Amino acid sequence: MENVAALVSKKFIGQFKKWQLELSQYGYTNFSQVLNAKNYGVPQNRERIFMVSVLDESFCYEFPKPMPLTLRLKDVLES
């Protein structure tokens, strides 16, 4: 699941936790983290919350490590 980072703000965290609880009641293990596109090669400051849910409880998901930004916005825009 991917959504705006505000989903884990004070206003919406209760709903987010409800989703996680419901999924865990179905046997899913949830991993969540706020990631910013600019840390993954996209020339845009865009924070999002990502949640990965897996049925295999022995599986430990690790979010990708940030990488240096090598592009600028003008490098990807059409002329």
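**Reading contacts around N30 and a salt bridge**

A polar contact of 2.5 Å joins the side chains of N30 and S53. This is a predicted model, in which local features need pLDDT of at least 70, side-chain atom pairs count only at pLDDT 80 or more, and totals for chains, interfaces and linings use all residues. Residues are numbered from 1 along each chain as its sequence is written, and side-chain values use heavy atoms, with hydrogens and water left out.

User: What is a polar contact, and which backbone oxygen does the side chain of N30 reach?

Analyst: A polar contact is a pair of N or O atoms within 3.5 Å; within protein, one must be able to donate a hydrogen and the other to accept it, and residues adjacent in sequence count only if both atoms are side-chain atoms. The side chain of N30 reaches the backbone oxygen of Q20, at 3.0 Å.

User: Is N30 buried or exposed?

Analyst: Buried means under 20% relative accessible area, exposed over 50%, and partly exposed in between (1.4 Å probe, protein chains only). N30 has 19% relative accessibility, so N30 counts as buried.

User: How many salt bridges are there?

Analyst: A salt bridge is a side-chain nitrogen of Lys or Arg within 4 Å of a carboxyl oxygen of Asp or Glu. The count by this rule is one. R48 pairs with E2, their closest N and O atoms being 3.0 Å apart. The pair links distant parts of the chain, 46 residues apart.

User: Are these partners buried or partly exposed?

Analyst: R48 is buried, at 16% relative accessible area, whereas E2 is partly exposed, at 42%.

Technical notes: Helix = DSSP H or I, 4+ residues; strand = E, 2+ residues; numbered from the N terminus.
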